[in-house]
Amino acid sequence: MIREAKKEDLAYLRNLSYILNEEMSILEPHYALAADGDLDELSFFIDDPNHVCFVAIEDKIVIGMILAELQETPKIPVLKEKSFVNIADFIIHPGFRNLGYGKKLIQAVEKWATEKDADFVSLSCLSKNKSAIEVYKKLSYGEYSVHFRKELQ
């Protein structure tokens with residue numbers, strides 16, 4: 001089952017945030033740290049009307065989450081004004097991957113974005129996260145920007 005998150009879900013969300021951060025720290029050890037999710041930030045995605053958190057439930061347990069926020073393109077002359085939803089965080093507990101929960105969570109965000117009159121949905125992903133990239137491609141997300149980084153030390 002997919003639904004919007006509630007305050008009662010915060011302990012589960014914090015645990016999923018830790019798993020996400022831990023996986024990021026493995027993929028990018030010089031960039032990311034394994035850390036618990038910030039309860040205030042997670043609460044904000046539940047309380048604020050321009051933010052949303054959807055959860056996937058299996059046997060009354062939260063096994064996945066997706067955090068998204070409604071944004072506007074910067075108001076500069078060279079950009080068209082657009083409203084969009086950015087997926088900030090997305091994780092399915094490792095024991096429940098490849099069962100369709102990720103697709104359903106993304107579809108919930110896309111529906112929410114449509115209800116908010118957004119023009120598109122965006123997200124970013126570590127280039128080393130090949131399994132996530134494949135999921136996004138299967139769901140018709142395409143690359144539109146590439147970021148580069150050079151370590152100086």
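Here is a short chat about a predicted model of a protein chain.

Me: How do you know what order the helices and strands come in, and how many of each are there?
Reply: Reading from the N terminus, the elements go β-α-α-β-β-β-α-β-α. That gives four helices and five strands.

Me: What makes the radius of gyration of this chain agree with a compact globule?
Reply: A compact globule of 153 residues would have a radius of gyration near 15 Å, and the protein chain has 16 Å, so the two agree. As for its extent, the C-alpha trace spans about 50 × 45 × 30 Å along its principal axes.

Me: Why is Ser-122 called buried?
Reply: Its relative accessible area is 4%. Buried means under 20%, so Ser-122 counts as buried. Ser-122 sits in strand S5, which covers residues 120-123. In the chain as a whole, buried residues make up 37% of the 153.

Me: How do you know that the side chains of Ser-122 and Asn-86 make a polar contact?
Reply: The distance given for the pair is 2.9 Å. The cut-off asks for N or O atoms within 3.5 Å, so 2.9 Å fits.

Me: Which residues does Ser-122 touch, leaving out those up to four places away in sequence?
Reply: They are Phe-84, Val-85, Asn-86, Ile-87 and Tyr-144. Across the protein chain, take the contacts between residues at least 6 apart in sequence: 59% of them join residues at least 24 apart.

Me: Why is Asn-98 called exposed?
Reply: Asn-98 has 80% relative accessibility, and exposed means over 50%, so the label fits. Asn-98 is in the loop between strand S4 (83-92) and helix H3 (101-115).

Me: What is the phi of Asn-98?
Reply: Asn-98 has a positive phi of about 65°, although it is not a glycine. Asp-117 isn't a glycine either, and its phi is positive too, at about 60°.

Me: Is Asp-117 buried or exposed, and how do you know?
Reply: Asp-117 has a relative accessible area of 63%, which is over the 50% cut-off, so Asp-117 is exposed. You'll find Asp-117 in the loop between H3 and S5.

Me: How much of the accessible surface belongs to carbon and sulfur atoms?
Reply: The accessible surface of the protein chain comes to about 10100 Å², and 53% of that belongs to carbon and sulfur.

Me: How many positive and negative side chains are there, and how far apart are the centres of the two sets?
Reply: There are 19 positive and 25 negative side chains, and the two centres lie 5 Å apart.

Note on methods
Residues are numbered from 1 along each chain as its sequence is written. This is a predicted model: local features need pLDDT of at least 70, side-chain atom pairs count only at pLDDT 80 or more; totals for chains, interfaces and linings use all residues. Side-chain values use heavy atoms; hydrogens and water are left out. Helices (H or I, at least four residues) and strands (E, at least two) are DSSP runs, numbered from the N terminus. Buried means under 20% relative accessible area, exposed over 50%, partly exposed in between (1.4 Å probe, protein chains only). A polar contact is a pair of N or O atoms within 3.5 Å; within protein, one must be able to donate a hydrogen and the other to accept it, and residues adjacent in sequence count only if both atoms are side-chain atoms. Contact means heavy atoms within 4.5 Å. The radius of gyration is taken over C-alpha atoms; the globule rule is 2.2 Å times the number of residues to the power 0.38. Accessible areas come from the Shrake-Rupley method with a 1.4 Å probe; for residues, only the protein chains shown count as cover. Lys and Arg count as positive and Asp and Glu as negative; His and the chain ends are not counted. The place of a charge is taken as NZ of Lys, CZ of Arg, CG of Asp or CD of Glu.
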